[in-house]
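Me: I'd like to go through this one by asking what earns each label. Could you set the values against the cut-offs as we go?

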Amino acid sequence: MAAYPLRVTGGTRRFGPRGRQFTVFEDLDLTVEDREIFVLLGPSGCGKSTLLRVIAGLDDLDAGEVEVAPGKHGRDVGIVFQQPLLLPWLNVRDNVALGLRYRANRGAQEAGLIEETMAEFGLGDLAGAYPDELSGGQAQRVSLARTVVTRPRVILLDEPFGALDPLTRKTLQQWLLGIQQSLGLTVVMVTHDVQEALLLGDRVALMSQSPGRISRTWTLPTGERGRQLQLRDEVLRAYAEVASGAVAKPSGRSAGALNEVASSTL
Ligand SMILES: Nc1ncnc2c1ncn2[C@@H]1O[C@H](COP(=O)(O)OP(=O)(O)OP(=O)(O)O)[C@@H](O)[C@H]1O
Ligand SMILES: [Mg+2]
């Protein structure tokens with residue numbers, strides 16, 4: 001491989017005992033390009049979190065293959081969940097440093113990396129604070145920093161802003177865009193928020209009901225976020241189709257509205 005940081009080919013995952021198995025997703029193909037934000041939408045239960053867990057190596061496919069381009073540390077994927085999952089007995093700095101603790105090649109630059117990442121996430125002033133002293137948005141920034149500190153090849157975000165109020169959510173979306181651009185991160189993000197998907201995504205993919213597949217993919221021209229309302233309607237219509245169990249159209253880039261997106265920037 002090597003051309004892509006992440007590729008899933010013919011991915012199939014089933015749960016349950018043999019004979020009474022439930023197929024979450026089947027024959028799922030997905031390719032994520034270097035330094036892109038790939039956003040995954042889809043009805044509840046279609047298998048988005050399961051797919052992220054498989055990509056992260058926390059679960060295995062029953063059939064098919066996940067290829068992750070090796071980084072400095074080998075299989076190089078970081079994952080952030082909806083809840084920050086910080087260790088309450090460690091302060092902010094030590095929670096961020098935890099991300100590096102399990103890396104094989106911790107080195108002299110470790111302290112530098114931690115300070116650098118704390119600064120990137122605006123956490124310098126909170127270094128000594130404990131999780132119960134943080135707001136939800138601050139805690140989620142620590143969680144993101146703990147993952148980014150390892151500089152993984154691919155970062156997986158599972159509804160990372162889902163538990164935040166709209167204002168904090170908006171602030172963290174801007175943070176994510178800034179950090180993604182400054183560090184050149186490759187991101188796969190799950191969200192239920194179509195507006196968020198269109199705001200952050202370079203590509204937006206819609207997964208169909210179980211057994212899930214990538215039903216449609218929209219490409220947003222680099223640096224352009226125009227005609228969002230029209231797009232939102234198109235995505236919502238397709239979403240309603242897959243949510244109602246209607247037959248999914250084959251995966252592919254929409255030749256429609258997205259390719260004509262007017263050049264206006266955020
Ligand atoms: N470990 C497991 N054992 C058995 N079934 C599971 C397991 N993990 C997930 N499932 C089932 O697989 C299906 C997909 O779950 P998953 O959490 O991936 O959905 P999702 O798309 O992330 O949903 P949501 O949008 O609500 O987060 C669900 O029916 C769920 O109950
Ligand atoms: Mg989920």
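**What the labels rest on**

Me: How many nonpolar, polar and charged residues does the shell around ligand 1 have?

Reply: The split is three nonpolar, six polar and one charged. Here Ala, Val, Leu, Ile, Met, Phe, Trp, Tyr, Cys and Pro count as nonpolar, Asp, Glu, Lys and Arg as charged, and the others, Gly among them, as polar. Bear in mind that this is a predicted model: local features need pLDDT of at least 70, side-chain atom pairs count only at pLDDT 80 or more, and totals for chains, interfaces and linings use all residues. Residues are numbered from 1 along each chain as its sequence is written, while chains are lettered from A and ligands numbered from 1 in the order in which they are written.

Me: Which are the residues around ligand 1?

Reply: They are Phe15, Val24, Gly42, Ser44, Gly45, Cys46, Gly47, Lys48, Ser49 and Thr50. To get on that list, a residue needs its C-beta atom, placed from the backbone, within 6 Å of the molecule. Helix 1 (residues 48–56) gives the most to this shell, with three residues.

Me: What makes a stretch a helix or a strand?

Reply: Both are DSSP runs numbered from the N terminus: H or I over at least four residues for a helix, E over at least two for a strand. On that basis the chain has seven helices and nine strands.

Me: Why is Pro211 called what it is, buried, exposed or partly exposed?

Reply: Buried takes 20 or more other C-beta atoms within 10 Å of a residue's own, exposed takes 12 or fewer, and partly exposed is in between, with C-beta atoms placed from the backbone. Pro211 has 17 such neighbours, so it counts as partly exposed. It lies in the loop between strand 8 (203–207) and strand 9 (214–219), and the peptide bond from Ser210 to Pro211 is cis, with omega near -5°.

Me: What does Pro211 touch, not counting residues up to four places away in sequence?

Reply: Thr23, Val24, Phe25 and Glu26. A contact here means that two C-beta atoms, placed from the backbone, lie within 7 Å. Pro211 and Phe25 are 186 residues apart in sequence, yet their C-alpha atoms are 4.2 Å apart.

Me: And what about Leu85, exposed or buried?

Reply: Leu85 has 12 C-beta neighbours inside 10 Å, so it counts as exposed. It sits in the loop between strand 5 (77–80) and helix 2. Its phi is near 50°, a positive value in a residue other than glycine. Arg35 also isn't a glycine and has a positive phi, about 60°. With 14 other C-beta atoms within 10 Å, Arg35 is partly exposed.

Me: Why are helix 2 and helix 3 given the label they have, oblique or parallel?

Reply: Helix 2 (residues 92–101) and helix 3 (residues 110–120) pack at about 125°, with their axes 10 Å apart. Axes are lines fitted to C-alpha atoms, for helices over the stretch in contact, and angles run from 0 to 180 degrees between N-to-C directions. Under 35 degrees is roughly parallel, over 145 roughly antiparallel, 65 to 115 roughly perpendicular, and the rest oblique. The pair lands in the rest, and is therefore oblique.

Me: Which residues of helix 2 and helix 3 make the contact?

Reply: From helix 2, Arg93, Val96, Ala97 and Leu100; from helix 3, Glu110, Leu113, Ile114, Thr117 and Met118. By class that's six nonpolar, one polar and two charged residues.

Me: Which residues of helix 2 are buried?

Reply: Val92, Asn95, Val96, Ala97, Gly99 and Leu100. What covers them includes helix 3 and helix 4 (136–148). Helix 2 and helix 4 pack at about 35°, with their axes 6 Å apart.

Me: What makes helix 4 parallel or perpendicular to helix 5?

Reply: Helix 4 and helix 5 (residues 166–183) pack at about 20°, with axes 10 Å apart. That angle makes helix 4 roughly parallel to helix 5. The residues of their contact divide into five nonpolar, five polar and one charged.

Me: What share of the chain's residues count as buried?

Reply: 38% of the 266 residues.
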